[in-house]
Amino acid sequence: MNADTQKFSSLPPEAAEPKAAAGAFPIWVIVALAVVAYFGTVKLDESDGEFSAQVFAPYVSTKQLEDFLPKDPERIAFLEGRKLYSQNCAACHQASGLGSPGQFPPLAGSDWVKTEGPNRIIRLVLHGIQGPIKVNGLDFNNAMVPWKDNMTDQQIASVISYVRRNKDWNHTFSAVTPDQVKKIRDTEKSRTAPWSAEELLKLSDK
Amino acid sequence: MNQAPLFLLGIFAALSTSWFGLVVWPQLQLGQLQPVEIEETGQIYPSARSGLAQQGADVYRANNCAACHTQQVRPGADIARGWGARRTVAQDYLFDTPVMLGSLRIGPDLANIGARQIDDNWHLVHLYKPRLVVENSVMPSYRFLFTKRAIGAKPSLDALKLPDVEAERIEGYEMIPKADALALVAYLRSLRADAPLFEAPLPTKPKPATLSAPSTNSPAKK
């Protein structure tokens, strides 16, 4: 051992490598973070629009938007009826309700629609109609398919109500309820053949 | 760096969370949007643009109209300015590729211009020389969308109906819009966002209590 090493070994030992302190985490930081997280979550909950793709500011929930939708049951039935009409009836009777001259009778202003009661028109829609028919003084001779297997009572009621109460056609006749349709459906349970105009005209229109 | 795996895992978590939140989730929510039937009218909304209007979208893009005009109506202030009947929502942009939202409003918002200004000649004159119809407009003149032509035996039916001051200035000549000008106007006329949607009802309906008050910005002159 030479003199130099002796000199160094007399120095105090070197400090250890620095390490992250493993001491206790201050409790007030945890509390502060919890408070921030709480109010942050509350704010998020108020303004996230339920994370829905249908909710845009300034609206905050789907329910709020649903409150804008029409509540009036007649209005809802009218909208449903219009949809059903455009899907099922408009191909022949046209969206305008005017039909095609010589082929398909009109519904707008038709004397078959503007009866006091819906007795005949419900039967006509349920079972269809075939053969010669006089509408507003004009002769038609064609066939309409039965809808009893393709539409529920509710749907038939909606579509007839749409035809009878369409303001664009100046129709303000009584609406049809599903119960009325059901009653006639039950009465005419055994019927499979389409109606003829003659048969229907024998029935009362109420 | 003695905790590299943890560090990398943290980076991965941060990036994947934002990617999921900003890309995947919106795509799942809005990627499958389809035209809807508007309850009030029974019409399908939105519908694809006509061919001419579609060409006009390219003219709009080529001339960088989106640099000065936005196509997004925000609730509150923009509606108070008369720029739209309701706020715009994702559904409104279904047939726009690319969506030219814009981010700077040197000129007014155009999301609903097709409903706000229905006069084709107004649009053409405005493109030709904006100050003829909008006082103090800072919009540049799109003169190159028009051809100047000497009036023949009869004035052309296609010529711009110019205000007197301009008609006198170019006396003996008439301005004929080129195909691009007509396409651009067809596109502008196709821009409308006023159909009442479920997610954006028209504000004629009772307003929710949280609807913010109109901004204090001065409304644009109509």
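Guide: A residue is called buried when its relative accessible area is under 20%, exposed when it is over 50%, and partly exposed in between (1.4 Å probe, protein chains only). This is a predicted model, in which local features need pLDDT of at least 70 and side-chain atom pairs count only at pLDDT 80 or more, while totals for chains, interfaces and linings use all residues. Residues are numbered from 1 along each chain as its sequence is written, and side-chain values use heavy atoms, with hydrogens and water left out.

Visitor: What makes helix H5 of chain B mostly covered?

Guide: Helices (H or I, at least four residues) and strands (E, at least two) are DSSP runs, numbered from the N terminus. In H5(B), residues 120-128, 7 of the 9 residues are buried. Among them are B:His123, B:Leu124 and B:Tyr128.

Visitor: Which elements do the buried residues of H5(B) pack against?

Guide: They pack against helices H4 (113-116), H6 (164-169) and H7 (179-190) and strands S3 (146-150) and S4 (173-177) of chain B. Contact here means heavy atoms within 4.5 Å.

Visitor: Why is B:Asp119 said to cap H5(B)?

Guide: A side-chain oxygen of B:Asp119 lies 3.0 Å from the backbone nitrogen of B:Asn121, at the N-terminal end of the helix. A polar contact is a pair of N or O atoms within 3.5 Å; within protein, one must be able to donate a hydrogen and the other to accept it, and residues adjacent in sequence count only if both atoms are side-chain atoms. The 3.0 Å distance therefore lies within the 3.5 Å limit.

Visitor: How many residues are in contact between chain B and chain A?

Guide: In chain B, 21 residues are in contact with 19 residues of chain A. Across this interface, 2 residue pairs are in polar contact, both at pLDDT 80 or more.

Conventions: Chains are lettered from A and ligands numbered from 1 in the order in which they are written.
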